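Please open the model in your viewer and keep the selection panel at hand. The stops below go from the ligand to a strand and then to pairs of charged side chains.

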Amino acid sequence: MKTEVISVDKNVDEEKCYAQAVEILRSGDVVAFPTETVYGLGADATNSEAVSKIFEAKGRPADNPLIVHVGSKEAALTHVQEVSAKALQCMDAFWPGALTLIMQEKPGTFAGNVTANLDTVGIRVPNHPVALKLLQELKLPLAAPSANTSGKPSPTLAEHVYHDMNGKIPLILDGGATEIGIESTVLDTTCEPPVILRPGKVSKEQIEQVIGMVRSASQNKTNAPKSPGMKYMHYAPSAPLYLIENEARLIEKAIEYVQKKGKRVAVISESEYPTADYNFPLSTESLYASLRKCDSTDADLILASVESGMQQNDALMNRLEKAADHKWFS
Ligand code: TXA
Ligand code: MG
């Protein structure tokens, strides 16, 4: 299959691009598109054959449910039932935006493979003009996980999607770099108090200002993981990644130690290390691109330097710890 990439930012014939994307989606195939968090790999959420193509293209385990994207709160409400007052308040406060709400699905609304046959579903209204226009023209709910190969860093550029999906999907809508750079916050509103299953740009504090106390999934370890995706390895570059305290002397010594063994080191950090073989920037916006850049080098080992201030950034630390599989350099 040939994968076409259309630039929707600069395209003169925009209407035609969307018409093409809509036609592909309605015919039961998949299209990658930008959102404000990361690129998504979309298919008609009511068509199980179309949805199965997402799992196939990503190599995603079938027990990991997908997020459904809709164009408005009203559209979301047609697909769910027993919606809590807190879920409604979150919709008003954060949609369109980077917050996915887990709610009770109206039975039979989505294809069974969207929700991995759970009776709940994760829904959000993305805050991106291309995603919103696509949803508006499509008039169907769009199941869309991040558009990366399963286990790899999520795509923040159309080039990342092309790298992972070339030959596997018919169309990528290129809307430039995504603004936020990590996936949405996932909030389970089917329990009381609601639980953050995945931290993201929308913080616990911001949510608590709107609906009062919420729990974090990590504080809730006694229960079986409610978000099936949490048990899988994530965001991992090819070379082993280690976290390291952001102390220049410590990092310089680590670089020297690894290089003495004849190995090459890439450092992902807010500062540059002249003795490292490669340096890449570290921030929420740049993390995934930096992890992917490491893959295009011959680095044998990657160090990600963790600032003390960064430890307060739940979402960034969550992705870093997963990418490193919780390993610290010592
Ligand atoms: O920012 C995002 O959320 C991106 C963009 C494309 O919107 N999408 C995304 O989707 O990250 P995905 O499929 O890669 O992540 C979905 C997460 C997984 O951790 C999954 O396990 C969880 O949401 N999830 C989905 N449905 C769920 C449900 N019914 N109950 C619990 N967790 C659910
Ligand atoms: Mg993902």
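A polar contact is a pair of N or O atoms within 3.5 Å; within protein, one must be able to donate a hydrogen and the other to accept it, and residues adjacent in sequence count only if both atoms are side-chain atoms. This is a predicted model, in which local features need pLDDT of at least 70 and side-chain atom pairs count only at pLDDT 80 or more, while totals for chains, interfaces and linings use all residues. Residues are numbered from 1 along each chain as its sequence is written, chains are lettered from A and ligands numbered from 1 in the order in which they are written, and side-chain values use heavy atoms, with hydrogens and water left out.

**Ligand 1**

Select Asn 64 first: an N or O atom of its side chain is 2.8 Å from an oxygen atom of ligand 1. Add Ser 184, where a polar side-chain atom is 2.6 Å from a ligand oxygen, and then Arg 198, where the corresponding distance is 2.9 Å. The protein covers 96% of the 680 Å² of accessible area that ligand 1 has on its own (Shrake-Rupley method, 1.4 Å probe; for residues, only the protein chains shown count as cover).

**Strand β14**

Next select residues 265-269, which form strand β14, with 5 of its 5 residues buried (under 20% relative accessible area, against over 50% for exposed and partly exposed in between, with a 1.4 Å probe and protein chains only). Helices (H or I, at least four residues) and strands (E, at least two) are DSSP runs, numbered from the N terminus. Val 265, Val 267 and Ser 269 point one way from β14, whereas Ala 266 and Ile 268 point the other way. Show β16 (residues 301-306) as well, since it runs parallel to β14 and is joined to it by 4 bridges; Ile 302 is the bridge partner of Ala 266 there. On β15 (residues 278-281), also parallel and joined to β14 by 4 bridges, Pro 281 stands opposite Ser 269.

**Salt bridges**

Finally, select Asp 164 and Arg 292, which form a salt bridge with the closest N and O atoms 2.9 Å apart (a side-chain nitrogen of Lys or Arg within 4 Å of a carboxyl oxygen of Asp or Glu). Asp 164 lies in helix α6 (residues 158-165) and Arg 292 in helix α9 (residues 287-295), so the pair ties together parts that are 128 residues apart in sequence. Both Asp 164 and Arg 292 are buried.

Conventions. Two strands pair if DSSP finds at least two bridges between them.
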